[in-house]
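Here is a friendly walk through one structure, meant to be read with the model open beside you. We start at the surface and then work inwards.

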Amino acid sequence: MKKLFTLIALCAMAFVACDNTDDGPTGGTSNHNLQLKLASESVMHFGVEGGQGQIKFDLVEAETEAQATRFSPVEPPMPEASAKADWVTDVRIGDGVVDFVVAANDAEERSTSITVKYGTQSFIVMVMQDGVVLPDVTFNPTHLGGTYYGKMRTRGFDYFVILSDMQPKAVTSKPSNATEYRFDIYASEGSAFNSTHRVPVGTYKLDLTRSGEPGTIDGFKDCSYLFDANYNVTTYRDATVVVTEDSIIADVTLTNGEIHHVEYHGSTVMEDYSEPTYADVYPVSQYTSDINFNVTGGYISAYYRGDYFGIGMDNWFLHMIEQKAGFSGVYLLFDFIVPKSVGGWENQQGFVGEYNIFTETPSDYSYTIGAGRLRDDSLQLYAWYLNCVGGQVDMSQAAPLRGGTVKVESTGGNNYKVTVDSFDDNGNKIQGTFEAVLGDYDNQSCD
């Protein structure tokens, strides 16, 4: 179902610099010690008649500096609250409370959210209201599963979420008799690989254009769908998913016209699969001797991705295959990082240069490549030597490049020569040349 890519996928890099001595935006004294906490339910239900509601919150001493609010006035603290929908009115802040009014509803079931902010901190509370038109199906899943794919040529970070009445088994299958609602969502917040993955708080809408923008759900039929107990798959015509600190609520219209309401309460950390991956294996390289290659007549595809890593540099992703027909032979993958001054997409030779492969964060990313590694779901990242047979990567003949240099030269027209002087994670040298014609260009930049 969920399409797993066998080519490279990249994780965003974020760098944060904080100076705790700064004044707030108003120039006054800043309070770094208060933390905003929700003190009431994160999902509130109202009947068709509507009525008054109240959210409770606390401002408590932060346990760590990272939790503290920056630039919040000390005398007095002034949180803010706002509702997304116009049928929630009279939103007022009191002493540790937010009061609001929900209007009567003479249409179908509806939902919205109220956001409470304090400095840079915030939480959301979902407001749900019954309607005259009731859903055809109400489903209360007991398990949350899924996997985190990171940032794959999109602005948003990809979380594949499964809401089920049984422990989710895998992306490609499910337990017998289980019902699973699956959503491929894109968030503005990433997660660290090799860690627990919490679904980011927010509201997500089905996007049939597959933009990959934060706040969207991939509407493709193999990415978001209902997988019922009889193994039938039904896709979505419309869907809204709201994630709070302790709940996930989904309102879905299937392509057959049925309206489904899905309401999960519990931890929003996705449960792990039991699937083994090559990311659990070290060393990844299964070679026991040095690797030497000399390819002529190969084929190169180049993809410009703009500031894909968010580091103020441009990224060119090149993959090159020895035999284009049948996609077989030596297969090289590289993510080249070059300065913006090279010219971006307008300079279609912008990847020419000599690159250093790094394992530690460099002071200057110009003309560098991250050391090759596997992501948790076995996708190859950054710099790799592989062999393909009939379009399939043979992981017994795959080696991440962990250091050294890669040089790309133009030999005239659309012809290029790539020289590799590197080594893998098993201590083997990887050296050789790859001469090829560049046949494919694509601008995949989201800048």
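## A nonpolar patch on the surface

In this predicted model, Val-48, Val-132 and Val-133 together make a nonpolar surface patch of about 240 Å². To find Val-132, look in the loop between strand E8 (121–129) and strand E9 (137–139). Val-48 sits in another loop, the one between strand E2 (43–46) and strand E3 (51–61).

How accessible is Val-132? Its relative accessibility is 59%, so Val-132 counts as exposed, the cut-off for that being over 50%. Val-48 has a value of 34% and therefore counts as partly exposed.

Which residues does Val-132 touch, once its neighbours within four places in sequence are left aside? The contacts are Val-48, Asn-105, Asp-106, Ala-107 and Glu-108. Val-48 is thus both a contact of Val-132 and a member of the patch. You can also check the distance from Val-132 to Gly-47: the two are 85 residues apart along the chain, and their C-alpha atoms are separated by 9.9 Å.

## Strand E12, covered on both faces

Now turn to strand E12, residues 180–187. Eight of its eight residues are buried, so the strand is largely enclosed by the rest of the structure. On one side of E12 are Glu-180, Arg-182, Asp-184 and Tyr-186, and on the other are Tyr-181, Phe-183, Ile-185 and Ala-187. Both of these faces are covered.

What pairs with E12? Strand E11 (residues 157–164) runs antiparallel to E12 and is joined to it by eight bridges. Within that pairing, Tyr-159 has Ile-185 as its bridge partner. Strand E15 (residues 225–227) is also antiparallel to E12, with three bridges between them, and here Tyr-181 stands opposite Leu-226. Strand E14 (residues 216–218) pairs with E12 over two bridges, again in the antiparallel sense. In E14, Ile-217 is the bridge partner of Ile-185. Ile-185 is therefore a useful residue to click on, with Tyr-159 as a bridge partner and Ile-217 as another.

## Two nonpolar cores

In soluble globular proteins, nonpolar side chains tend to be buried together. The largest nonpolar core in this model has 33 residues, and Phe-334, Phe-336 and Phe-351 have the most contacts inside it. Several strands each supply at least two residues of this core, including E20 (313–323), E21 (328–339), E29 (403–412) and E31 (429–443). E19 gives the largest share, six residues.

Phe-336 is a good place to zoom in. Not counting residues up to four places away in sequence, Phe-336 touches Asp-314, Asn-315, Trp-316, Leu-318, Phe-351, Tyr-355, Thr-368, Ile-369, Val-406 and Val-408. Apart from the largest core lies another, of 27 residues, and Ile-185 is among them, as are Ile-248, Leu-254 and Val-262.

## Salt bridges, and how covered they are

Side chains of opposite charge can pair when their charged atoms come close. How many salt bridges turn up in a search of the whole structure? There are five.

One of them takes us back to E12: Arg-182 and Glu-180 form a salt bridge, with their closest N and O atoms 2.7 Å apart. Arg-182 is buried, with a relative accessible area of 0%, and Glu-180 is buried as well, also at 0%.

Another salt bridge brings together the side chains of Arg-305 and Asp-335, at 3.7 Å from N to O. Arg-305 lies in the loop between E19 and E20 and Asp-335 in strand E21, so this pair ties together parts that are 30 residues apart in sequence. Arg-305 is buried at 2% relative accessible area, and Asp-335 is buried at 1%.

Lys-340 and Asp-314 also meet through their side chains in a salt bridge, at 2.8 Å from N to O. Because Lys-340 is in the loop between E21 and E22 while Asp-314 is in strand E20, the pair ties together parts that are 26 residues apart in sequence. Are the two partners buried or exposed? Lys-340 counts as partly exposed, at 39% relative accessibility, whereas Asp-314 is buried, with a relative accessible area of 2%. Asp-314 is also one of the residues that Phe-336 touches.

Technical notes
Residues numbered from 1 in each chain as written. Predicted model: local features only at pLDDT ≥ 70, side-chain atom pairs only at ≥ 80, totals over all residues. Heavy atoms only, no water. Helix = DSSP H or I, 4+ residues; strand = E, 2+ residues; numbered from the N terminus. Buried < 20%, exposed > 50% of the residue type's maximum accessible area, 1.4 Å probe, protein only. Contact = heavy atoms within 4.5 Å. Pairing = 2+ DSSP bridges. Patch = residues over 30% accessible without salt bridge, like charges linked within 9 Å, V, L, I, M, F, W, Y side chains within 5 Å. Areas by Shrake-Rupley, 256 points an atom, 1.4 Å probe, with all protein chains shown as cover. Salt bridge = Lys/Arg side-chain N within 4 Å of Asp/Glu carboxyl O. Core = buried A, V, L, I, M, F, W, Y, C linked by side-chain atoms within 4.5 Å.
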